[in-house]
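Please look through the structure shown below before reading the notes on its metal sites and its sheet.

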Amino acid sequence: MKPFPASSPAVLALLVPLLLSACGQMKAVGGGTEAAYRPEFVAQVPLSAGLSTASLEATYGGRVLSEARGEGYALMGFSQGEVRSGLSAQGTQAVRVERNRDVFQGGGLTATMSARRTVWINGEFTTWASARRTVWINGVFDFLPQNTGTFQQIGLEAAQARASNLGAGIKVAVIDTGVDIEHPAFAGALAPQNEWRDFRDNDTNPDEEGVLGEGGYGHGTAVAGIVLQVAPRATILPLRVLGPDGSGDVLHVAQAIDWAVKSGARIINLSLGTDSRSNVVQDAVARAAARGVLVISSAGNDNLGSLTYPANDATSAGPAGDYSLSVGSVDGGDLKSSFSNYGKALEIVAPAENVYTPGPDNLLVSWSGTSMAAPMVTGSLALALGENLGVSSRDMAKGLVEKTTDIYRNEMNKAYKDKLGKGRLDLARFSAQ
Ligand SMILES: [Ca+2]
Ligand SMILES: [Ca+2]
Ligand SMILES: [Ca+2]
């Protein structure tokens, strides 16, 4: 077996701290009949035309997880031992290896829990009683009247009146804790079943798993439900990468992004984030951008002056930044939400406090968090792209940010000048262009 390539000083510098922090981090996988392979380390490696899977594994010493021959790369997983033997050997080609961190978190979860806010309305489970197709009646959002104020704030009624396709034909990938597949809110709104994936448990059923009221259970269902309220005829592609506790692997996030692009998603919603950048995820975001796919990420819920990744990379120069949007949260009066992260990398804010949305097991629930802000933007872009106006998705995203409402005139936001993005989502303005 050839050595693991780790000869360059840059790679060594990356590997040493990763190894130190990796001790005892290997996690057991429970639940599914066929457990997903969860390597300790991951890397993207170049894949030339004539190279077989076996020869890749012989070259690098790990295991090939996915191959994209047309695009010339493969994702590989490594054990700590494989990385270590590579480190002591003399390699020839630099490959960026990173720990397959289990630190991605659904952004809505932290705010909800830190505020000790109940996920459920008035502390009670409320049974779902809405008809999904009914939208506005006399200025009331009849689909979920509880959201009328929130949706009036962003001018949704005017936008839905103008965008009469309501997002039809636009596939939105929700990379999250899964979706409650049987919920009546999603009837007729999900992508074909052969496109569903559960990367967490390595199966084809991304139904949410968990216990009512605990952890991240219901997070993905909530996010998908918000996308569909804004763009009721969009198609949801449910991809499960986060477990019931709301955490997941960078590897699975990267694989899900690639899967979404391959499945024809036009927009990817990432209501999740971590405190450090991931190369494998960023490479996947760049590939999505190269195909014109938008990636919408939540800013995080720690009231910090910096965003979680990938939101904090959304303003980077080049296509990956152009096709990415970072989204923070304001309240019903356009004040920064107490939980919302802020910073120069934040591009837009949307109201995301007490947003009513489907919950697992036929329930209606309410959530707060930047996780709820991202799907407001995702749904808005689905609405816009569904009109087939011949405007590129990149320019749509740019227009959405430019046609916002100024929130800095409000004294209470002055402390966050230029750190809450261009402004607050304003669909009346955006759809009037
Ligand atoms: Ca279910
Ligand atoms: Ca599953
Ligand atoms: Ca951007």
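The points below cover two calcium sites and one sheet.

This is a predicted model, in which local features need pLDDT of at least 70 and side-chain atom pairs count only at pLDDT 80 or more, while totals for chains, interfaces and linings use all residues. Residues are numbered from 1 along each chain as its sequence is written, chains are lettered from A and ligands numbered from 1 in the order in which they are written, and side-chain values use heavy atoms, with hydrogens and water left out.

**Calcium sites**

- Donors are N, O and S atoms within 2.8 Å of the metal (3.2 Å for Na, K and Ca), and sites may look incomplete because water is not among the atoms.
- Around the calcium ion (ligand 3), Ala 314 (O), Gly 321 (O), Ser 324 (O) and Glu 347, the last through two OE entries, coordinate at 2.3 to 2.9 Å, with the sequence spacing A-x6-G-x2-S-x22-E.
- Ala 314 is buried at a relative accessible area of 1%, where buried means under 20%, exposed over 50% and partly exposed in between (1.4 Å probe, protein chains only).
- The calcium ion (ligand 2) has Asp 198 (OD), Asp 203 (OD, listed twice) and Asn 205 (O) at 2.3 to 2.6 Å; Asp 198 is buried at 0%, whereas Asn 205 is partly exposed at 40%.

**Sheet**

- Helices (H or I, at least four residues) and strands (E, at least two) are DSSP runs numbered from the N terminus, and two strands pair if DSSP finds at least two bridges between them.
- Seven strands form an open, parallel sheet in the order β10-β11-β9-β13-β15-β16-β17.
- β10 (197-198) and β17 (348-351) each have a single partner strand, so one side of each is left without a neighbour in the sheet.
- Strand β16 (residues 324-330) pairs with β17 over four bridges in the parallel sense, and Val 330 stands opposite Pro 351 in β17.
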